[in-house]
Amino acid sequence: MKTRIAIIGGGASGVLAALHLARRTDPAGLLVIEPRKGLARGVAYSTTEPAHLLNVRAGNMGALADAPEDFVAWLSQRGDGAADGTSFMPRMLWGEYLAARFATSNVPVLHQCVTRLEKRGNSAILHMDDGSRVEAGRTVLAMGHALPVDIPCCDDVVRNSGRYIRAVWDTWPRWPEADAPVVLVGSGLTAIDILLRLRAGGYGGVITMISRHGLLPCAHGPVEPVPAPVIPMDTLPTARQYLHHVRLALKDGVSWRAAVDSLRPCSNALWARLSDKERWRFRRHLFHRWHTARHRMAPPVARRIVEEMASGHLIVRRGHVAAVSGDRHGLRVHVRASEGEYHLMADMVMNCTAPDTNFGRVDNPLLHELFALGMAVHGDLGSTFATDANGALFGHDGLVSPWLHAIGPLRAGSLFETTAIPEIRQQAQALSTFLFPT
């Protein structure tokens, strides 16, 4: 089989790439390769839990970069009474929307898994797990997020018990006992989602979230936009100076939400100006604060979390989970904190930490081969891939590939913001314009 452009991955990133490319070239020359039968949803949007809400308002969730309100239009066309651009809609509904938009694109789909990529001149031969091959003039990598870093020192008893869940979005082998304690490692949006899933499934016990800083995501609220980013582009590129300008804005009466939102259009450019040393400093000292302020909970979810904490059914603690041991009765969680070590007993432990971005340890043969063959190098701070402004991968020779691109979370090695739909659809538009300029 031959195709002009192969897109490896049929989640949100891959489908957004396909939709934008199909507007500038013949869709028959594209091919989305995805082993799962359901497209467009990926990890985030395959949930079937109505309480899992978007953390971006509906008015900015359109699939096309030049039509951000298309999602609201789709809601209106289907007669949804909640078609309001200011609403935070269920994620499963957005997954349905994206799948519907893709269904009308006429882009072919191959339900296979790519296990190996063979360079042939300025094109590639993609090898499938069933032995078939696809020859592609260009290849777009859109595999989304990897699993989180595994918790260290989990013994065989733990791993074979079904009580420790690393892939929290997969089907769980068991559910916790009705009132037995559950530990969620992490306190970000994934942990919030898992709490909601547990409650929807009837679990009523105490949930303890453990994270290094013990911070929950902030809540969305009213925002009065400011006319310009609170960090000017000519600011001395240091983490300290960036923080200084944010503090000046807050002192002048700019709300923290407005300050953070003002930086969204230029955060990647500001990040690109920082040296490796300053990026490391930002990651160590400021990233946790930025992350909780930038990636917020929808207001209904935030109210639910406040109620959970007030009732004592949710406890958030600081610490690092160093090990999990267990026996047939339950798990023992070993935690290191600044005040010393402590232990918690749990019926189940769920890994809700961030996806692993160190592709040197991610269990994916295709990724390993790209590095081994010199087609890819690690990006900033050892993260994902090094890519240029159009998502083309840098190789070991220091040159950008003329045929291999990445989109979405795979570009975290060069971009600061690359996981939210507004940013990914902009990447998709930029890639399609680069590949087909007229």
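## Helix α11: span and faces

The expected span of a helix is 1.5 Å times one less than its number of residues. In this predicted model, helix α11 covers residues 299-311, 13 residues in total. From first C-alpha to last, α11 reaches 19 Å, close to the 18 Å expected.

Four residues of α11 are buried: Val301, Ala302, Ile305 and Glu308. Seen down the axis of α11, these buried residues fall within an arc of 115°, so they line one face of the helix. An α-helix has 3.6 residues a turn, so residues three or four places apart point the same way. The face of α11 turned away from the buried side carries exposed residues. These are Arg303, Val306, Glu307 and Ala310.

What covers the buried residues of α11? The cover includes helix α5 (189-200) and strand β10 (314-318). Just after α11 comes Gly312, with a positive phi of about 85°.

## Helix α9: another one-sided helix

Helix α9 spans residues 276-285. Its buried residues are Glu278, Arg279 and Phe282. They cover an arc of only 105° around the axis, which puts them on the same side of α9. Lys277 and Arg284 sit on the other side of α9 and are exposed.

The buried residues of α9 have three helical partners. They pack against α6 (239-251), α8 (267-273) and α10 (287-294).

## Thr292 in helix α10

Helix α10 contains Thr292. Is Thr292 buried or exposed? Its relative accessible area is 11%, below the 20% cut-off, so Thr292 is buried.

Leaving aside neighbours within four places in sequence, Thr292 is in contact with Leu215, Leu216, Pro217 and Cys218. Gly188 is 104 residues from Thr292 along the chain. The C-alpha atoms of Thr292 and Gly188 are separated by 7.5 Å.

## Helices α1 and α13: an oblique crossing

Helix α1 (residues 12-22) meets helix α13 (residues 421-435). Their axes come within 8 Å and cross at roughly 40°. That angle makes α1 oblique to α13. The crossing is right-handed.

Which residues of α1 and α13 meet? From α1 come Ala12, Ser13, Leu16, Ala17, His20 and Leu21. From α13 come Ile421, Ile424, Arg425, Ala428, Gln429, Ser432 and Leu435.

## Helices α2 and α3: a perpendicular crossing

Helix α2 (residues 70-77) and helix α3 (residues 91-103) cross at roughly 95°. Their axes come within 11 Å. The angle lies between 65 and 115 degrees, so α2 is roughly perpendicular to α3.

On the α2 side, the contact is made by Asp70, Phe71, Trp74, Leu75 and Gln77. On the α3 side, Leu93, Trp94, Glu96, Tyr97, Ala100 and Arg101 take part.

## Val140 in strand β6

Val140 lies in strand β6, which runs over residues 133-141. At 1% relative accessibility, Val140 counts as buried.

Residues up to four places away in sequence are not counted among its contacts here. Val140 touches Ile5, Ala6, Ile7 and Ile8. Val140 also touches His405, Ile407 and Leu431.

How far apart are Val140 and Gln77 in sequence and in space? They are 63 residues apart in sequence. In space the two are 32 Å apart, C-alpha to C-alpha.

How values were computed. Residues numbered from 1 in each chain as written. Predicted model: local features only at pLDDT ≥ 70, side-chain atom pairs only at ≥ 80, totals over all residues. Heavy atoms only, no water. Helix = DSSP H or I, 4+ residues; strand = E, 2+ residues; numbered from the N terminus. Buried < 20%, exposed > 50% of the residue type's maximum accessible area, 1.4 Å probe, protein only. Arc of directions from axis to C-beta. Contact = heavy atoms within 4.5 Å. Axes fitted to C-alpha atoms, helices over the stretch in contact; angles between N-to-C directions. Parallel < 35°, antiparallel > 145°, perpendicular 65-115°, else oblique. Left-handed = near helix turned anticlockwise from the far one by under 90°.
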